[in-house]
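Q: Could you show me how to read the way two helices pack against each other?

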Amino acid sequence: MDRVEGTSEPHREWKTIFVTGGAGYIGSHCILTLLEAGYTVVTVDNFTNAVGIVKDGHSCVAPSIQRVEQITGKKVIFHHCDLLDKKKLSEVFAEQKIDCVIHFAAMKAVGESMQVPFLYYKNNIMGTINLLEVMAENNCHEFVFSSSCTVYGDPGDALPITEEHPTGGVTNVYGRTKFFIEEMLKDIYNADKRWNIVLLRYFNPVGAHPSGIIGEDPTKPFANLMPYMAQVAIGTKPSLTIFGTDYETEDGTGVRDYIHIMDLAEGHVAALSKLKREPSLGLKAYNLGTGKGVTVLQLVHTFERVTGTTLTLDLKDRREGDIVAMYADPSLAEKELGWTAKRSIEEMCRDFWKWQTQNPTGYRGDVSHMIPAAKSNLSESATVSLTNGNHSAVNGH
Ligand code: UD1
């Protein structure tokens, strides 16, 4: 073991990271950053929220992962696996020694979560329990959880929000699954101090890898602001609805803390370094945001300027369940993880646009020629399977 500079603490040598939900938007960018940082990555995904196909019921292809391999020139060990299938999860986990787990896999559409709560609780919470049990059975207690600023509920005037702010009071099922999992992790750590856990509370991740080769490919019709904006700009959607223009903000529209996906991915590498350095870290939560609040209209106008497009806007009433404003105090992550978000709103728009224009149909073209010869797990079939209530999901934030 090396020594950490300036301390007598042993620096653990970690090699292999297990990533759940690796084919999704955040998962794929994070895997790229992990590979570039020298880690070996083993990942699982069930393609509920990510484009991919399973061939012969066995081998699988996910364009996002293939493209990560293309960019980095490195291989990813990838399995089609549902976290609810504990037997298979145990098998793939035990194939190699895992040093730490980063858990992205989750269903993440707020509106949908209100319609099919059972499914969200089953997939997000039971999937996490299975994962933690498999980890413990394999004597792995190092865990990074993909949480969300949604756990703070409505912050009111408590902005910028710190990690000290009470959690709970979440108004939607998706958000409650994140909150409940955080609470569960606290109980698990309190019962067994071998666990070392980092909760990363993401603000609003946007943008894409600067190559435009990987990016966000929403598989559900519940789009967040930036993907919707880009669809309007390329002409797939007629107009962008602005949900609420009478908020008490600079221009009447909602305020959020948009963070570039590559900054967010780098936050995970910083969290791993922290866990490596501090074997008895315990359980710590960190905000991953920029600390800057941006209104919907400010984002729209920056996007128009950077991309040279003009968006047709449709000013509407507030969206149910929306809060006025949310932005992070990211100083704890800076102090303890040595991490800050570096990329600007302009870069977020430029990189998302590059991805969108280079891939107007997302990843679908990469696998469409393999269908129907292989079993499709594209979004359409995933949406259908939701009604059957028998699918677990991946790739949330
Ligand atoms: C949403 C989720 C949150 C989740 C986050 C990231 C809700 C209530 N919250 O946050 O739990 O963690 O996504 O996935 O949905 N807007 C428009 N027009 C649009 C879309 C959005 O005006 O077509 C506005 C919204 O009103 C909001 C801002 O843009 O002010 C950002 O919206 P969105 O991207 O959906 O993210 P959040 O609502 O912040």
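A: Take one pair in this predicted model: helix 5 and helix 6 are roughly parallel to each other, because angles under 35 degrees count as roughly parallel. This is a predicted model, in which local features need pLDDT of at least 70, side-chain atom pairs count only at pLDDT 80 or more, and totals for chains, interfaces and linings use all residues. Residues are numbered from 1 along each chain as its sequence is written, and side-chain values use heavy atoms, with hydrogens and water left out.

Q: At what angle do helix 5 and helix 6 pack, and how far apart are their axes?
A: Two packed helices are described by the angle between their axes and the distance between the axes. Helix 5 (residues 117-137) and helix 6 (residues 173-191) pack at about 25 degrees, with axes 10 Å apart; axes are lines fitted to C-alpha atoms, for helices over the stretch in contact, and angles run from 0 to 180 degrees between N-to-C directions.

Q: Which residues of helix 5 and helix 6 meet?
A: Contact means heavy atoms within 4.5 Å. Residues including Tyr120, Ile125 and Leu132 in helix 5 meet residues of helix 6, among them Arg176, Phe180 and Ile188. The contact of helix 5 with helix 6 divides into 13 nonpolar, three polar and one charged residues.

Q: How do helix 1 and helix 8 pack?
A: Helix 1 (residues 25-36) and helix 8 (residues 261-277) pack at an angle of about 60 degrees, their axes being 9 Å apart, and these two helices are therefore oblique to each other.

Key:
Helices (H or I, at least four residues) and strands (E, at least two) are DSSP runs, numbered from the N terminus. Angles under 35 degrees count as roughly parallel, over 145 as roughly antiparallel, 65 to 115 as roughly perpendicular and the rest as oblique. Ala, Val, Leu, Ile, Met, Phe, Trp, Tyr, Cys and Pro count as nonpolar, Asp, Glu, Lys and Arg as charged, and the others, Gly among them, as polar.
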